[in-house]
Amino acid sequence: MTKHTRRWLVVAALLATAGPVYAESSSIEVLLQVKPPDRNNPKTRDDAPQIEATVIGAPTLPSEKFVLRDDSSKQTFDAKPTQKREYNQGTETLAVVIVMNGSEYWLGNDDIPAQADDSVRCPGVLKPLKDALDKLNFKDAGPTGSLGMVITYADRIVPRVPMGPLANITGTALGQQTDYRGAAGLELVQGIEQAMAELHRAQTARKVLIIIGDGRDINPEAAKARLVVLKKQASQEQIQTFAIVYKTCEVLAEQAESPMVINAMVQQVLTANSAENIAQSVGSILARMADRQYLTFPGYDPKVGLGFTWDGKPHNMVLKIDKEDAEPVGLTLAPIWSPSKGGFPWLIVIIVTLGALVLAVIGVKIFSAKPAPMPMPIVAPAMPVEAPKPMGPAKTVMIGRDGDEGGFPVVGWIVPLNGTQAYQTFRLRSGGTKIGTAPPCDVVVNDGFMSTEHCQINASPQGFSLVDGGSTNGCYVNDRKIQQKQDLVDNDLITLGKTNFKFKSIV
């Protein structure tokens with residue numbers, strides 16, 4: 001999988017007119033991936049590969065506004081999408097955890113009957129926030145399988161909505177003011193730490209942390225240091241973080257003077273001036289998550305007899321979005337494929353033969369008074385020999401430096417196509433190369449969806465083979481899950497966790 005980021009400057013209104021509006025630098029990312037035909041389906045196994053495009057950050061446009069072409073090819077072929085899916089129709093599931101201030105005065109106590117020890121009555125945000133959140137449609141905020149959770153913090157951490165379907169997050173699920181009676185304290189960092197642990201366990205493609213409160217902690221200096229560590233952890237685990245700050249009653253003097261610390265973890269902190277603005281901000285964040293579209297482009301169009309050049313080599317692919325061309329994106333057009341030349345043209349022969357018979361009948365009627373000339377023999381067109389179909393990828397043969405078949409290959413390696421180690425070259429060892437997320441593996445990959453010792457690539461005089469090391473998520477070769485062991489050939493696409501590798505060998 002390859003990625004290209006193009007920077008555009010846009011003005012994003014994250015809130016409604018009542019909330020703040022700010023400008024941010026937004027990026028459009030284009031992810032391209034080859035989708036080979038299903039070899040097990042006799043109807044499609046000889047079809048050309050397709051190209052799957054994930055477009056992130058682009059405006060929502062109809063499919064006809066997208067065109068893909070190969071800028072490195074002399075042949076002009078503008079591929080139009082055969083299918084377009086919105087974010088909710090995709091497979092990039094989402095996990096959202098909301099960490100919210102759960103103290104009595106921040107949420108409000110004006111509906112609770114007054115008692116003798118009550119010194120302050122505060123309306124708080126709970127009632128209007130519940131109404132506003134109920135209007136947000138969380139169930140449509142992510143694809144099927146997306147998860148959600150709500151945690152409140154005060155003097156203790158309480159999971160108000162356990163991790164489960166995203167639709168479970170509603171305003172009603174937050175309960176009543178009486179549920180927060182006597183809750184005090186500002187254990188903000190503890191709430192965030194529990195949320196990070198929940199997100200770490202969530203098996204979803206994307207993860208989001210939303211922090212709602214006054215942005216303060218009971219111990220500001222210690223909190224800042226811990227929040228810096230949590231910021232680094234969120235970056236490493238690709239967790240997107242957002243914070244919404246709203247101040248209600250300043251009840252305790254020591255809390256009123258406590259500085260805001262949440263900006264030590266979250267760069268852009270949104271300030272809301274009402275409970276409705278809080279919900280609007282949450283809605284805007286969810287809308288930002290749905291910033292991607294999925295397109296399927298054909299690798300060959302039989303109607304016009306044109307397609308991409310599937311030669312197993314890198315090509316410069318250009319995605320045109322409306323009237324704007326993105327810069328070229330490198331993509332290896334593999335597996336090797338070429339269109340079939342077709343069989344004998346029986347339809348043409350039948351048409352020619354029928355046409356000749358019709359002409360002969362007309363000629364007999366016109367010249368029936370004259371002696372009929374000897375009919376000219378009809379010569380059937382010569383049967384062209386069917387061109388041989390392209391041979392599939394040959395098995396890697398182990399040839400030593402001296403030309404004998406008993407030696408090891410000169411070079412064998414794998415190259416990650418995505419992730420933090422994209423395009424690094426890992427030379428395969430003679431005998432076996434272990435791949436996983438930690439030593440003593442020979443190839444260590446930063447991928448949370450891989451096992452510690454995920455698999456091994458063995459080299460022998462018979463060729464290269466991929467062996468699953470008992471991994472949790474399995475190993476895939478050309479998008480098909482292997483059963484313990486799979487022989488490899490040059491240009492095979494290996495998928496381990498979320499990382500795609502290109503296998504190469506020179507013999």
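In what order do the six strands of the open sheet stand, and is their pairing mixed? The order is β8-β7-β6-β9-β10-β11, and the pairing is mixed.

The structure is a predicted model, in which local features need pLDDT of at least 70, side-chain atom pairs count only at pLDDT 80 or more, and totals for chains, interfaces and linings use all residues. Residues are numbered from 1 along each chain as its sequence is written, and side-chain values use heavy atoms, with hydrogens and water left out.

**Overall composition**

The protein chain contains seven helices and 28 strands; helices (H or I, at least four residues) and strands (E, at least two) are DSSP runs numbered from the N terminus. Of its 507 residues, 43% count as buried, a term that means under 20% relative accessible area, with exposed over 50% and partly exposed in between (1.4 Å probe, protein chains only). Among the contacts in the chain with a separation of 6 or more, 65% join residues 24 or more positions apart; contact means heavy atoms within 4.5 Å.

**The two sheets**

Strands of a sheet pair through backbone hydrogen bonds, either parallel or antiparallel. Here two strands are taken to pair if DSSP finds at least two bridges between them. In the six-stranded sheet, β8 (157-165) and β11 (269-271) are the edge strands, each pairing on one side only. On average, neighbouring strands of this sheet are turned by 15 degrees against each other, direction ignored. A second open sheet has five strands in the order β21-β20-β22-β23-β26, and its pairing is also mixed. Its edges are β21 (443-444) and β26 (485-487); each has a single partner strand, so one side of each is left without a neighbour in the sheet.

One strand pair from each sheet is set out below.

| Strand pair | Sense | Bridges | Opposite residues |
|---|---|---|---|
| β10 (residues 239-245) and β11 | parallel | three bridges | Ala 243 and Val 269 |
| β22 (residues 455-460) and β23 (residues 463-468) | antiparallel | six bridges | Ala 459 and Phe 464 |

**Helices α3 and α4**

Helix α3 (residues 188-201) packs on the six-stranded sheet. This helix touches β6 (94-101), β7 (147-153), β8, β9 (206-213) and β10, and its direction makes about 165 degrees with that of β9. Axes are lines fitted to C-alpha atoms, for helices over the stretch in contact, and angles run from 0 to 180 degrees between N-to-C directions.

Helix α3 also packs with helix α4 (residues 220-236), at an angle of about 20 degrees and with the axes 10 Å apart. That angle makes α3 roughly parallel to α4, a class for angles under 35 degrees. On the α3 side the contact includes Val 189, Ile 192 and Met 196, and on the α4 side it includes Leu 227 and Leu 230. The residues of this contact divide into seven nonpolar, two polar and two charged. Here Ala, Val, Leu, Ile, Met, Phe, Trp, Tyr, Cys and Pro count as nonpolar, Asp, Glu, Lys and Arg as charged, and the others, Gly among them, as polar.

**Buried positions in α2 and α6**

In helix α2 (residues 126-135), Leu 126, Leu 129, Lys 130, Ala 132 and Leu 133 are buried. Their cover includes β6, α1 (104-107) and α6.

Val 282 lies in helix α6 (residues 275-289) and counts as buried, at 1% relative accessibility. Not counting residues up to four places away in sequence, Val 282 touches Leu 136, Phe 138, Ile 210, Ile 212 and Ile 244. Val 282 and Phe 242 are 40 residues apart in sequence and 9.1 Å apart in space, C-alpha to C-alpha.

Conventions
Parallel < 35°, antiparallel > 145°, perpendicular 65-115°, else oblique.
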